[in-house]
Amino acid sequence: MERVDRLTLQQLRYFLAVADTKHFTRAAEQAGVAQPSLSKQVQSLESELGTPLFSRVRGNVTLTPAGEALLPIARRILADVDTARHEVAELVGLRRGRLRVGATPSLCASVFADVLARFHAAYPGIRLLVEEGGSRDLSRSLLRGDLDLALIIVPPEGPDPALTTRVVLREDLMVASAASLPPLVNRPTIRLIDLRDRPMVMFRQGYDLRETTLQACRGVGYEPRLAVEGGEMDAVLRFVEAELGVAIVPSMVLANRPGLRGIPIAPPGLSRTVALAHRTDVPPTNAARAFSEVLMEHVATLQPA
């Protein structure tokens, strides 16, 4: 495209609405326009690109290969335009604007809420939009342009090269058990092999802590015995409190949980690295830079995990 004018952006928005709803009438309702107008704009976009973007067979609307190729590009274009609009608005200062941030459930349950409170107190005019999810999901949201910043867990192989990361903290992992039961061992630390015959509460598929736990247990020679699996952080902690099993969790989530007992893992132990990430090809907005500084200032006040 030689230029991106209002009409082209409108076409892309209508294209995304149809791609997301897989229905022209519902897409028109979502976009707040008449269905014939939306269909005409999509047809104009197809004509401009010289190929159909949707396959329309017996009322079923699916993306063609060309539509599949355009989908991530359209999302990035609209996200970048939106970011540019907010960045220009911020030239008057951090009195208004919007910041889209994400964090994993364990971080939302610990450090993230305090950071949001500090940032909101310092910049009350900035509207905060928060997404909670696993690190892989958050990384994909960043790459699509749906988030400005995200607190993610750095995988062993390192972060996606398309993301720029700043290490925030390194946190020990611990074994959590129900405080209503006797201690797991009569030592100050526990070995992973000591969990061989213990039922475990396991996180859902795609959760970073699930993969960490499975790899750690397999690394000492056994497949963990799962009592219940599929939960998010709060559900896993509640299942442990209910004496369904033990779980390997970040140390910070055990604060203010009297129903849980945490024990450190014997050396070399397990830990994870938390980093603040953003898209490398999109410079952080003023609001994103301010949030990063508030976050680092807050982390500096925390006791070592």
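Here is a short tour of the nonpolar cores, the salt bridges and one buried arginine in this structure. The model is a predicted one. Its largest nonpolar core has 30 residues, and the structure holds 18 salt bridges. Arg-257 is a good place to link charge and burial, since this residue is buried and also belongs to a salt-bridge network.

**Nonpolar cores**

- Within the largest nonpolar core, made up of 30 residues, Val-175, Leu-195, Ile-248 and Val-249 have the most contacts.
- Strands and helices both feed this core: β6 (163-178), β7 (199-203), β9 and β10 each give two or more residues, as do α7 (208-219) and α8 (233-241).
- A separate, second core has 24 residues, among them Phe-119, Leu-151, Val-168 and Leu-295.
- To see the surroundings of one core residue, take Val-249: beyond its neighbours within four places in sequence, Val-249 is in contact with Asp-172, Leu-173, Met-174, Ala-176, Phe-203, Leu-237 and Leu-254.

**Arg-257 and its network**

- Look for Arg-257 in the loop that runs between β9 (247-250) and β10 (260-264).
- Arg-257 has a relative accessible area of 18%, so it counts as buried, the cut-off being under 20%.
- Setting aside neighbours within four places in sequence, the contacts of Arg-257 are Asp-234, Leu-237, Arg-238 and Glu-241.
- Leu-237 is thus worth a look from two sides: it is in contact with Arg-257 and with Val-249.

**Salt bridges between partly exposed residues**

- Asp-146 and Arg-144 form a salt bridge whose closest N and O atoms are 2.8 Å apart.
- Both partners are partly exposed, Asp-146 with a relative accessible area of 32% and Arg-144 at 34%.
- In the salt bridge of Asp-194 with Arg-187, the closest N and O atoms lie 2.5 Å apart.
- Here too the partners are partly exposed, with relative accessibility of 21% for Asp-194 and 38% for Arg-187.

**A link across the chain, and a shared network**

- Glu-232 and Arg-204 meet through their side chains in a salt bridge of 2.8 Å, N to O.
- This pair connects distant parts of the chain, 28 residues apart: Glu-232 sits in the loop between β8 (225-231) and α8, and Arg-204 in the loop between β7 and α7.
- Glu-232 is partly exposed, at 35% relative accessibility.
- Elsewhere, Asp-234, Arg-238, Glu-241 and Arg-257 are joined into one network by salt bridges that share partners.

Methods
Residues numbered from 1 in each chain as written. Predicted model: local features only at pLDDT ≥ 70, side-chain atom pairs only at ≥ 80, totals over all residues. Heavy atoms only, no water. Helix = DSSP H or I, 4+ residues; strand = E, 2+ residues; numbered from the N terminus. Buried < 20%, exposed > 50% of the residue type's maximum accessible area, 1.4 Å probe, protein only. Contact = heavy atoms within 4.5 Å. Core = buried A, V, L, I, M, F, W, Y, C linked by side-chain atoms within 4.5 Å. Salt bridge = Lys/Arg side-chain N within 4 Å of Asp/Glu carboxyl O.
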